Amino acid sequence: MATLLGAARSANTTALADQAALTLSQLDLLRSGLTQATDFDAAALRAQLLAAVADVDADIPVEITHAGDVSGFVVPGEVGRAMGIAVTEAIRNVRRHAGVDAACFVRAEFASDAVRVDVIDDGQG
């Protein structure tokens with residue numbers, strides 16, 4: 001659903017293409033009956049995080065940076081999915097506890113062997 005919303009709301013971008021590729025691979029995985037996805041490289045994790053944000057609110061700004069070469073970056077599939085779930089839940093918590101006027105944004109910084117994801121709000125909680 002997030003991929004379709006992204007396609008409807010924005011131009012054809014690299015981020016949207018990555019998100020669409022991730023969605024298609026997830027659908028292929030479901031169809032195959034397998035329960036574990038392949039590892040996430042930087043592009044796949046980026047798409048996973050963007051989809052997680054869009055699942056809650058596609059208007060939340062997302063800043064993604066790369067500190068150095070991330071061509072060898074890999075996390076296990078379980079970790080990538082857990083990061084997406086954590087981001088979604090953090091944004092939901094902002095909506096529940098920070099107040100109706102709270103602004104929120106997501107920042108992810110990739111390095112060759114690590115990623116840091118922050119969900120930041122200016123609310124009261």
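This tour proceeds through the predicted model selection by selection, from the whole chain to individual side chains.

**Before starting**

The model is predicted, so local features require pLDDT of at least 70 and side-chain atom pairs count only at pLDDT 80 or more, while totals for chains, interfaces and linings use all residues. Residues are numbered from 1 along each chain as its sequence is written, and side-chain values use heavy atoms, with hydrogens and water left out.

**Stop 1: the whole chain**

Display the chain as a cartoon. It contains 4 helices and 5 strands, where helices (H or I, at least four residues) and strands (E, at least two) are DSSP runs numbered from the N terminus. From beginning to end, the order of elements is α-α-β-α-β-β-α-β-β.

Next, show the surface. The accessible surface is about 7500 Å², and carbon and sulfur atoms hold 55% of this area; such areas come from the Shrake-Rupley method with a 1.4 Å probe, and for residues only the protein chains shown count as cover. Of the 125 residues in the chain, 30% are buried. Here, buried means under 20% relative accessible area, exposed over 50%, and partly exposed in between (1.4 Å probe, protein chains only).

A contact means heavy atoms within 4.5 Å. Among contacts with a separation of 6 or more, 69% are between residues 24 or more positions apart.

**Stop 2: the β4-β5 hairpin**

Select residues 104-110 and 115-121, which are strands β4 and β5. The two strands run antiparallel and are joined by 7 bridges; strands are taken to pair if DSSP finds at least two bridges between them. Together β4 and β5 form a hairpin, with 4 residues between them. To follow one bridge, label V106 and its partner in β5, V119.

**Stop 3: charged side chains on the hairpin**

Keep the hairpin in view and show R107, R116 and D118 as sticks. The structure holds 4 salt bridges, each defined as a side-chain nitrogen of Lys or Arg within 4 Å of a carboxyl oxygen of Asp or Glu. R107 forms one with D118, and their closest N and O atoms are 3.7 Å apart. This pair links distant parts of the chain, with R107 in strand β4 and D118 in strand β5, 11 residues apart. D118 also meets R116 in a salt bridge, at 3.0 Å from N to O. Through shared partners, R107, R116 and D118 are joined into one network.

The accessibility of the three residues may be compared in the viewer. D118 is buried at 17% relative accessible area, R107 is partly exposed at 32%, and R116 is exposed at 54%.

**Stop 4: the R96-E89 salt bridge**

Select R96 and E89. Their salt bridge has its closest N and O atoms 3.2 Å apart. R96 counts as exposed, at 51% relative accessibility, whereas E89 is partly exposed, at 33%.

**Stop 5: the aromatic pair**

Now select F73 and F110. The whole structure yields 1 aromatic pair. The ring centres of F73 and F110 are 5.2 Å apart and the planes stand at 80°, so the arrangement is edge-to-face. Rings of Phe, Tyr and Trp (its six-membered ring) pair if their centres lie within 6.5 Å; planes under 30 degrees apart count as stacked, over 60 as edge-to-face and the rest as tilted. F73 is in the loop between β2 (62-66) and β3 (74-75) and F110 is in strand β4, so the pair ties together parts 37 residues apart in sequence. Both residues are buried.

**Stop 6: the nonpolar core**

Extend the selection to L45, L49 and I91. With F73 and F110, these residues have the most contacts inside the largest nonpolar core, which has 22 residues. Such a core is a set of buried Ala, Val, Leu, Ile, Met, Phe, Trp, Tyr and Cys residues joined through side-chain atoms within 4.5 Å. The elements giving two or more residues to this core are α3, α4 (77-97) and β4, and α3 gives the most, with 6 residues.

Centre the view on L45, in helix α3. L45 is buried, at 0% relative accessible area. Beyond neighbours up to four places away in sequence, L45 touches F40, F73, V75, G80, M83, F110 and V115. The C-alpha atoms of L45 and V75 are 8.3 Å apart, although the two are 30 residues apart in sequence.

**Stop 7: D55**

Finish at D55, also in helix α3 (residues 42-56). D55 counts as exposed, at 52% relative accessibility. Its C-alpha atom is separated by 7.3 Å from that of T88, 33 residues apart along the chain.
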